[in-house]
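Thank you all for making time for this one. Please have a look at the sequence and the structure first, and then I will walk you through them.

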Amino acid sequence: MPSMSANLDTIINSRPPIRCPACGHYCDSQAVVCPACQGALTGAEPLRTNILKRPPVLLPSDNQGSTVFNAIAALIIQVLPAGDCITHHILKPVVLGRGQSSTPEYEIMDLSDFHAYAQGVSRLHCLLARVGDQLSAMDLGSANGTYLNDILLQPNERYLIATGDKMILGKLHLTLFFS
């Protein structure tokens, strides 16, 4: 079995595909005739990454999403930059942190799989709880703090969450959505 670095070297050193000038089909860089239309590929230019004419548009950090989190809603937490999503029905308060144990009062959502320790996430970092038809966050006196949309949460104070809000636990970035 070839090594990963050998495969990467092959990809990096290979020539980019070419596009058939007649039909637009992407063809192997060594091809002379397009396999789709049988047209000649002489003079076809290799495809390169387009250079942006302007910088990418950044999404605004201020959120105007809904704060309604009714009884049938689920919370979707997207962990960045990986993009992995965790879906959770908040039936009782949930502590975001590291560890497995739960009590009758709350359960722990273990973020260890996302390198939570290296990211500065405390064992009991932040509490998410339903308050009527809304969801709140409360920093539990964590070592590295909790940010909600660029606002540092004061320990043991509740903050209202809206769908699309961004949260940072230590250095671990999350985006929260309601479904």
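I will go from the overall layout to the two sheets, then to the cores, and finally to a few backbone details.

Let me say at the outset that this is a predicted model, so please hear everything that follows as a description of that prediction. The chain has one helix and 13 strands, and if you read along the sequence, the helix comes at the start of the pattern, with the strands following it. Of the 179 residues, 32% count as buried, and the accessible surface comes to about 11500 Å², with 57% of that surface belonging to carbon and sulfur atoms. Among the contacts between residues at least 6 apart in sequence, 43% join residues that are at least 24 apart.

Let us turn to the sheets, beginning with the one built from five strands. This sheet is open, its strands run in the order 6-5-7-8-11, and the pairing is mixed. Strand 6, residues 107-110, and strand 11, residues 159-161, stand at the edges, and because each has a single partner strand, one side of each is left without a neighbour in the sheet. On average, and ignoring direction, neighbouring strands here are turned by 30° against each other.

Strand 5 is a good place to see the mixed pairing in detail. With strand 7 it pairs in the antiparallel sense over four bridges, whereas strand 5 and strand 6 pair in the parallel sense, again over four bridges. On the strand 7 side, V94 has L128 as its bridge partner, and V95 stands opposite L127; on the strand 6 side, G97 is bridged to D110. As general background, in a regular strand the side chains alternate between the two faces of the sheet. Which residues of strand 5 are buried on each side? V94 and L96 are buried on one side, and V95 and G97 are buried on the other, so to speak covering both faces of the strand.

L127, in strand 7, deserves a moment as well. With a relative accessible area of 11%, L127 falls under the 20% cut-off and therefore counts as buried. Leaving out residues up to four places away in sequence, L127 touches P93, V94, V95, S136, A137, M138 and L140. The C-alpha atoms of L127 and N156, which lie 29 residues apart along the chain, are separated by 9.2 Å.

The other sheet I want to show is formed by six strands, is also open, and has the order 4-3-13-12-9-10 with antiparallel pairing. Its edges are strand 4, residues 84-88, and strand 10, residues 151-152, each with a single partner strand, so one side of each has no neighbour in the sheet. Within this sheet, strand 3 and strand 13 pair in the antiparallel sense over six bridges, and one of these links Q78 to T175 in strand 13. T175 counts as buried, because its relative accessibility is 7%, and beyond residues up to four places away in sequence it touches I76, I77, Q78, L80, G164, D165 and K166.

Now to the nonpolar interior. The largest nonpolar core has 27 residues, and those with the most contacts inside it are L75, I77, L96, L111, L128, I161 and M167. Strands 3, 5, 7, 8, 12 and 13 each supply at least two residues of this core, and strand 13 gives the most, with four. Taking I161 as an example, and leaving aside its neighbours within four places in sequence, we find it in contact with T67, L128, L135, S136, A137, L148, M167, L176 and F178. Apart from this core lies another, of five residues, among them I18, C20, C27 and L41.

I will finish with the backbone. Most residues other than glycine have a negative phi, and most peptide bonds are trans. Where do we find a cis peptide bond? It joins L80 and P81, with omega about 10°, and P81 sits in the loop between strand 3 and strand 4. Q38, in the loop between strand 2 and strand 3, has a positive phi of about 65° although it is not a glycine, and D150, in the loop between strand 9 and strand 10, has a positive phi near 70°. Q38 counts as exposed at 56% relative accessibility, and D150 counts as exposed at 57%.

Conventions
Residues numbered from 1 in each chain as written. Predicted model: local features only at pLDDT ≥ 70, side-chain atom pairs only at ≥ 80, totals over all residues. Heavy atoms only, no water. Core = buried A, V, L, I, M, F, W, Y, C linked by side-chain atoms within 4.5 Å. Buried < 20%, exposed > 50% of the residue type's maximum accessible area, 1.4 Å probe, protein only. Contact = heavy atoms within 4.5 Å. Areas by Shrake-Rupley, 256 points an atom, 1.4 Å probe, with all protein chains shown as cover. Pairing = 2+ DSSP bridges. Axes fitted to C-alpha atoms, helices over the stretch in contact; angles between N-to-C directions.
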